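Colleague: Got a minute to walk me through this one? I'd like to go through the chains and then the odd spots.

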Amino acid sequence: MSKASSLPPFTTDAPVEKLFARETEALRKAETTLTQQQLSDVVYEPFRELVKHHRRLLRQAMKLTTLSDATQLQLRRTTRELSTALEQVRQLNESLQTLQREREEIFAMAVHDLKSPLSGIHGLAALISDPELSTAAEHPAMGRDIGQLAEVMLATVADLVDLHRYEAGTVALRPAHHAVIDLGELLRAQLLPAARRKHIKLTLITRPPDASVYLDADALLRVVLNLATNALKFSPAGTAVELKLKLDAGLLHATVTDQGPGISADDQKKLFKKFARLAARPTGGEGSSGLGLAIVKRLVEIQSGRVWCESTLGAGAAFHVELPAAPSA
Amino acid sequence: MNLPATDTTPAVLFDSARNLLRFAGESYPEDVTAFYHPVAAWLREHLATRPELKVELAFTYLNTSSTKALLDLLLLLDDYHRSGGVVSVEWHYQPGIEVMHEAGEEFGDDLALPYRLVPIA
């Protein structure tokens, strides 16, 4: 479109008159000469007719040139608009194909991820129902295992539903004013039980202490909780996790820092992809759908923010989120 | 003479080492005279020194006004040839663009100077 708009406007008569200036000048000289000479009618009349027709021809040539230029320019514009439109269609087609491939991959992985706990449940059910394969004393433990496997499946299904909703773009953000310190306390309250269970020291820092932000609190909490839960999940007992919320120049910067195993450069590249299989494993037997960070990324994007990770293998990780936190003008 | 191509005007480059004046690109400026008049003026001045000259016309698009302006330039070169000057013209065209091939033939029809149509891959 920008190409097309840089085309010049349609020509007026002025440029074409300049273009035919020499012909016009020659005609004017012939006319002047003709009137200045004392010629007999026999000679004068045919030359007068010739000049008259020549003038008409010249005017017609100018008009044709102007009209023709205008038509060609319009054709040029249309052609450019068409190629722009074609290019857009091509790109659209490409992104649709990518989307389709991604959908198929997600489907295959979701099936795989649901199938293995389901096989576990199936196997345990077979054991329980056959007196030759299990004793009544074993059943409570098997029941707990079935419960845990079902929990993994439920979490995976819930994540898939969320991700689908976020990617479909049907999430309406409801921004409002919130004190940063309140958001921080909400996060601390939700994370504290898991931190205590694993003897992890949870620290909350809010800067400045009286900061107020304008954003969708649910979306923010979902993002930061996800990152902080990961930090707790992958941190060994006895380490520390720091949660920092800092308002600076209209942007809320949330950081979750842990002393876990860290993330290799290779893993950092695929970190935010769906079902990314990474080296780190939960340290307390927690489940993992492989969708958490993909959900985080999508939710942050919906809020026009960005998320990234800084980590060195073996030296902990810091996840950063930056979100616009002021009412847009 | 070294004019870079713009959105609506061709590149015009004189290579003095090869005595080659080359036009390349599209031509549909809003004011054709404003573009071609200085080129014609330069050409007249250059021909006054009676050089040998090769001209390559590698247009990919010409509107009607540009066609008229180019015809005027070619007539200038043809006059030079008729007066004993050594000048030749090549019309470079992409075989896929039939209209530019035809335009090349039309331009050559009225000329006495050495004129050649050259398909460019």
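Colleague: How many helices and strands does chain A have?

Modeller: Chain A has nine helices and seven strands. Keep in mind that this is a predicted model.

Colleague: What share of chain A counts as buried?

Modeller: 21% of its 329 residues. As for contacts in chain A between residues at least 6 apart in sequence, 73% join residues at least 24 apart.

Colleague: OK, the sheet in chain A. What's the strand order?

Modeller: It goes β2-β4-β5-β7-β6 in chain A, an open sheet of five strands with mixed pairing. β2(A) and β6(A) (306–311) are at the edges with a single partner strand each, so one side of each has no neighbour in the sheet. On average, neighbouring strands of this sheet are turned by 15° against each other, direction ignored.

Colleague: And how many bridges join β5(A) to β7(A)?

Modeller: Eight, and the two strands run antiparallel. To pick out one pair, A:Thr257 has A:Ala318 in β7(A) as its bridge partner.

Colleague: Which strands does α7(A) lie across?

Modeller: β4, β5 and β7 of chain A, and α7(A) runs at about 15° to β5(A). Then there's α9(A), which packs on the sheet and touches β6 and β7 of chain A. The direction of α9(A) makes about 135° with that of β6(A).

Colleague: Let's stay on α7(A). What's its reach from first C-alpha to last?

Modeller: 25 Å over 18 residues, close to the 26 Å expected at 1.5 Å a residue.

Colleague: Which of the residues in α7(A) are buried?

Modeller: Quite a list, including A:Ala219, A:Leu220, A:Val223, A:Asn226, A:Leu227, A:Lys233 and A:Phe234. The cover over the buried residues of α7(A) includes α6, β3, β4, β5, α9 and β7 of chain A.

Colleague: Now the largest nonpolar core. Which residues touch the most other members?

Modeller: A:Val223, A:Val224, A:Leu227, A:Ala228, A:Val256 and A:Val296, out of 41 residues in that core. Elements that each supply at least two residues of this core include α5 (139–168), α7 (217–234), β5 (251–258) and α9 (292–302) of chain A. α7(A) has the largest share, with nine residues.

Colleague: Leaving aside neighbours within four places in sequence, what is A:Leu227 in contact with?

Modeller: A:Val256, A:Val296 and A:Phe319. There's also a second, separate core of 25 residues, and among its members are A:Val16, B:Leu57, B:Leu62 and B:Leu70.

Colleague: That one has names from chain B too. How many residues of chain B are in contact with chain A?

Modeller: 13 residues of chain B, in contact with 14 residues of chain A. On the chain B side, the elements giving two or more residues are α1 (32–47) and α2 (64–82). α2(B) gives the most, with four residues. By class, that side of chain B has four nonpolar, five polar and four charged residues.

Colleague: What about the sheet in chain B, which strands are at its edges?

Modeller: Six strands make an open sheet in the order β1-β2-β3-β4-β5-β6 of chain B, with mixed pairing. The edge strands are β1 (2–3) and β6 (115–119) of chain B, each pairing on one side only. Inside chain B, β2(B) and β3(B) pair in the antiparallel sense over five bridges, and B:Leu13 stands opposite B:Arg22 in β3(B). α2(B) lies across β3, β4 (53–62) and β5 (87–93) of chain B, at about 150° to β5(B).

Colleague: On to the odd backbone spots. Where is the cis peptide bond?

Modeller: Between A:Arg207 and A:Pro208, with omega about -15°. A:Pro208 is in the loop between β2 (201–207) and β3 (212–215) of chain A. Most peptide bonds are trans.

Colleague: And A:His199, what's its phi?

Modeller: Near 55°, a positive value in a residue other than glycine. A:His199 sits in the loop between α6 (180–197) and β2 of chain A.

Colleague: Why does A:His199 count as exposed?

Modeller: Because A:His199 has 10 other C-beta atoms within 10 Å, and the cut-off for exposed is 12 or fewer.

Colleague: How about B:Asn19, where does that one lie?

Modeller: In the loop between β2 (11–15) and β3 (20–27) of chain B. Phi of B:Asn19 is near 50°, again positive in a residue other than glycine. B:Asn19 is partly exposed, with 15 other C-beta atoms within 10 Å.

Definitions and conventions:
Residues numbered from 1 in each chain as written. Chains lettered and ligands numbered in written order. Predicted model: local features only at pLDDT ≥ 70, side-chain atom pairs only at ≥ 80, totals over all residues. Buried ≥ 20, exposed ≤ 12 C-beta atoms within 10 Å, placed from the backbone. Contact = placed C-beta atoms within 7 Å. Nonpolar A, V, L, I, M, F, W, Y, C, P; charged D, E, K, R; others polar. Pairing = 2+ DSSP bridges. Axes fitted to C-alpha atoms, helices over the stretch in contact; angles between N-to-C directions. Core = buried A, V, L, I, M, F, W, Y, C linked by C-beta atoms within 7 Å. Expected span 1.5 Å × (residues − 1).
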